Amino acid sequence: MAVKVTKVDVWAGEIPDQPGGLAHILEALADAGAKLECLIARRQPDAPGSGVAFVSPIKGKKVQDAARSVGL
């Protein structure tokens with residue numbers, strides 16, 4: 001079986017560990033036209049009440065600006 005490995009940029013940011021914390025980020029990205037292929041969101045065990053989100057790809061100026069506006 002052939003495997004193809006490619007490099008991708010992954011954007012990350014802190015999110016509040018509460019209902020709607022991740023939705024805030026995803027809504028901004030969707031409104032900007034992002035076409036996400038990967039999303040990982042995790043709680044941070046060393047920071048109660050906080051989590052981290054990883055998203056990819058973030059392509060295009062409008063989507064990058066939206067990502068920055070929500071703290072990625």
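This report covers the sheet, the helices, a surface patch and the salt bridges of a predicted model.

## Sheet and strand order

The sheet is open and has 3 strands. Their order is S1-S3-S2, and the pairing is antiparallel. S1 and strand S2 (38-43) stand at the edges. Each has a single partner strand, so one side of each lacks a neighbour in the sheet. Neighbouring strands are turned by 20 degrees against each other on average, direction ignored.

S2 and strand S3 (residues 50-56) run antiparallel and are joined by 6 bridges. Ile40 has Phe54 in S3 as its bridge partner.

## Helix across the sheet

Helix H1 covers residues 21-31 and lies across S1, S2 and S3. The helix runs at about 135 degrees to S1.

## A buried serine in S3

Ser56 sits in strand S3. Its relative accessibility is 7%. Buried means under 20%, so Ser56 counts as buried.

Which residues does Ser56 touch, not counting those up to four places away in sequence? The contacts are Val8, Asp9, Val10, Leu36, Glu37 and Cys38. Among them, Val8 belongs to the segment before strand S1 (11-16). Val8 itself is exposed, at a relative accessible area of 53%. Thus a buried residue, Ser56, touches an exposed one, Val8.

## Nonpolar surface patch

Val8 is also part of a nonpolar patch on the surface. The other members are Val10, Ile40 and Phe54. Together the four have about 330 Å² of accessible area.

Two of the members, Ile40 and Phe54, are the bridge partners already named. Val8 comes from the segment before strand S1. Val8 and Val10 both appear in the contact list of Ser56 as well.

## Salt bridge between loop and strand

How many salt bridges does the structure hold? There are 3. One of them pairs Asp17 with Arg43, with the closest N and O atoms 2.8 Å apart.

Asp17 lies in the loop between S1 and H1, while Arg43 lies in strand S2. The pair therefore ties together parts that are 26 residues apart in sequence. Are the two partners buried or exposed? Asp17 is partly exposed, at 34% relative accessibility. Arg43 is exposed, with a relative accessible area of 64%.

## Salt bridges within helix H2

Helix H2 spans residues 61-69. Lys61 forms a salt bridge with Asp65, and their closest N and O atoms are 2.8 Å apart. The two residues are 4 residues apart in the helix, so about one helical turn separates them.

Asp65 also forms a salt bridge with Arg68. Here the closest N and O atoms are 3.5 Å apart. Asp65 and Arg68 both lie in H2, 3 residues apart, again about one turn of the helix. Through shared partners, the salt bridges join Lys61, Asp65 and Arg68 into one network.

Exposure varies along this network. Lys61 counts as exposed, at 61% relative accessibility. Asp65 counts as partly exposed, at 36%. Arg68 is partly exposed too, at 49%. The cut-off for exposed is over 50%, so Arg68 stays in the partly exposed class.

Technical notes: Residues numbered from 1 in each chain as written. Predicted model: local features only at pLDDT ≥ 70, side-chain atom pairs only at ≥ 80, totals over all residues. Heavy atoms only, no water. Patch = residues over 30% accessible without salt bridge, like charges linked within 9 Å, V, L, I, M, F, W, Y side chains within 5 Å. Areas by Shrake-Rupley, 256 points an atom, 1.4 Å probe, with all protein chains shown as cover. Salt bridge = Lys/Arg side-chain N within 4 Å of Asp/Glu carboxyl O. Buried < 20%, exposed > 50% of the residue type's maximum accessible area, 1.4 Å probe, protein only. Pairing = 2+ DSSP bridges. Axes fitted to C-alpha atoms, helices over the stretch in contact; angles between N-to-C directions. Contact = heavy atoms within 4.5 Å.
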